[in-house]
Amino acid sequence: LPSAIAGMTIYITNTSANALNVFPASNGVINSLSANASITHAAGATLHYIAASTTQWYTVSATYA
């Protein structure tokens, strides 16, 4: 993910048959994970990432194709 700006939103769609790891920018956090840790993004899923601050991302509303 890019460096967060509060209010920024990003949709990522994983069209592959395998899960992928999504990392925040340096010192960033996704959900309640530790800083710089990746989240596993399921195969065939679209996740909505929302930045709450300059370091915090949250995932919302997973959808599957």
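Asn36 sits in the loop that runs between strand 3 and strand 4. This structure is a predicted model. The points below cover that loop, then strand 5 and its pairing, then His48, and last the nonpolar core.

**Loop between strands 3 and 4**
- Asn36 is not a glycine, yet its phi is positive, at about 70°.
- The relative accessible area of Asn36 is 37%, so this residue is partly exposed.
- Asn31 belongs to the loop between strand 3 (29-30) and strand 4 (39-41).
- Asn31 likewise has a positive phi, of about 50°, although it is not a glycine.
- Asn31 has a relative accessibility of 24% and therefore counts as partly exposed, since the partly exposed class lies between the 20% and 50% cut-offs.
- For background, most residues other than glycine have a negative phi.

**Strand 5 and its pairing**
- Strand 5 spans residues 45-51, and His48 is part of it.
- Of the 7 residues in strand 5, 6 are buried, which leaves the strand mostly covered.
- Strand 5 pairs with strand 1 (residues 9-13) in the antiparallel sense, over 5 bridges.
- Across from Ile10 stands Tyr49 of strand 5.

**His48**
- His48 has a relative accessible area of 14% and is therefore buried, because buried means under 20%.
- A polar contact joins the side chain of His48 to the side chain of Tyr11, at 3.4 Å.
- With neighbours within four places in sequence left aside, His48 is in contact with Thr9, Ile10, Tyr11, Tyr58, Thr59 and Val60.
- Tyr11 thus appears both in that contact list and as the side-chain polar partner of His48.

**Nonpolar core**
- The largest nonpolar core consists of 9 residues: Ala4, Ile10, Val22, Ile30, Ile39, Leu47, Tyr49, Ala51 and Trp57.
- Strand 5 contributes the most to this core, with 3 residues.
- Ile10 and Tyr49, both members of the core, are the residues that stand opposite each other in the pairing described above.
- Val22, another core member, touches Leu1, Ile12, Ile30, Ala37, Ser38, Ile39, His41 and Tyr49, with residues up to four places away in sequence not counted.
- Among these contacts of Val22 are Ile30, Ile39 and Tyr49, which are also listed in the core.
- As a general tendency, nonpolar side chains in soluble globular proteins are buried together.

Key
Residues numbered from 1 in each chain as written. Predicted model: local features only at pLDDT ≥ 70, side-chain atom pairs only at ≥ 80, totals over all residues. Heavy atoms only, no water. Helix = DSSP H or I, 4+ residues; strand = E, 2+ residues; numbered from the N terminus. Buried < 20%, exposed > 50% of the residue type's maximum accessible area, 1.4 Å probe, protein only. Polar contact = N/O pair within 3.5 Å; in protein donor to acceptor, adjacent residues only side chain to side chain. Contact = heavy atoms within 4.5 Å. Core = buried A, V, L, I, M, F, W, Y, C linked by side-chain atoms within 4.5 Å. Pairing = 2+ DSSP bridges.
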